[in-house]
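Biologist: Could you take me on a close look at one part of this protein, the nonpolar patch on its surface? I am a first-year student, so please explain the terms as you go.

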Amino acid sequence: MNAPGSTANQSPRVTMRTVAIRAGVSVQAVSLALRNHPSIAPETRRRIQKLATDAGYVPDPSLVKLMHHLRATRGQKLAANVCALTTRAPASREAFCDLLLEGVIAAAGLAGFAVQVIHVDGDGISRPTLQRMLRTRGVEGLVLLPMATVGGLDDLLDWREFSVVSATLSVTSPRFDCVAANHFANVFNLCSRLREAGYRRPGLVVHRRHDERCGFNITAAHGWHGIYGDLGLVRAHLCERLESAALRRWLAAESPDVLLAEHDDLAQELGGMRPIIGTRPIVSCSARPQADGRFPFPGNHDKPRRIGAVAVEMLTRMIAVGKRGVPEDPHMTVINGEWVGGAMSKKR
């Protein structure tokens, strides 16, 4: 009779070695196949995965944790096995995108990954060449950075070979797990703070393409306060570019008492039009720090470095468990911003 707690009648744990013996391959081949690694032929991957499922193989949580630790202790010795993709030109400079990439690189380094940025259109790389290049370099994970235009990337790659996280709303298809700024909550809270400071007619100035890139959440949050809140209904000034005549007409028609700019670049442009806008204060919906850490405009800081870091944290988990391709049910992670620039109070 077996003693209490005896394991004599329990089936031995199914390990990768067990699966390897049944499949007639190496343990390393099983490990790669279970992570959907492209170095293993698709038909072989499917055969090994089926054998593992039929045998009742379950990944050992402690082993997954160990692999995370090993990656973290390797530092920068690894080759570029995570790529950040964008269709923006290599020379294109935008503070939000630059800060987001800083967050990606920093988080990847902590996880033991090096990062290579590929400008899909600007580097002159054909799409078949891109697929082969990523495969040859052993790239397992991709972070999608903000793109030059809003649109789909369905035909860019065979996405089944990669773990993918999007750090932008500008990629409309395929739909991947995504990390982005909480644009609606950020602008909503911005308007609430201005109301508490005594302003009653906040006027939003935003480029149409930027509002589209943000999922129309900027105008949605601003409009809510005008329709359902206790602020005056001020029609937003949507424009392709900021023009003096159009701005004058809008100011005369809407009479805003404070201006909300989509980000610092537009805030700077408005600041150079003081003869037109008068003494109205300017607040940035996406305030960016300067080299010394100070913010040139008060407003909402949407934490682009944190967005990039969270995207990489999600990606490393996907790589560890072999989650690849376009998810059946993608989910969104939003990062809340914070007010910067000190207190505001409307002058009486």
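**A patch on the surface**

Modeller: Happy to! Of the protein's 348 residues, 47% count as buried, where buried means under 20% relative accessible area, exposed over 50%, and partly exposed in between (1.4 Å probe, protein chains only). This is a predicted model, in which local features need pLDDT of at least 70 and side-chain atom pairs count only at pLDDT 80 or more, while totals for chains, interfaces and linings use all residues. Residues are numbered from 1 along each chain as its sequence is written, and side-chain values use heavy atoms, leaving out hydrogens and water.

Now to your patch. F184, W224, I227, Y228 and L233 make a nonpolar surface patch of about 540 Å². Patch residues have over 30% relative accessible area and no salt bridge (a side-chain nitrogen of Lys or Arg within 4 Å of a carboxyl oxygen of Asp or Glu); nonpolar side chains (Val, Leu, Ile, Met, Phe, Trp, Tyr) are joined within 5 Å, and like charges within 9 Å. Areas come from the Shrake-Rupley method with a 1.4 Å probe, and for residues only the protein chains shown count as cover.

Let's pick out W224, which is partly exposed because its relative accessible area is 33%. W224 sits in helix α9, residues 217-227. The protein has 13 helices and 14 strands, which are DSSP runs numbered from the N terminus (helices: H or I, at least four residues; strands: E, at least two).

For the wider setting, the protein exposes about 17600 Å², and carbon and sulfur atoms supply 52% of that area.
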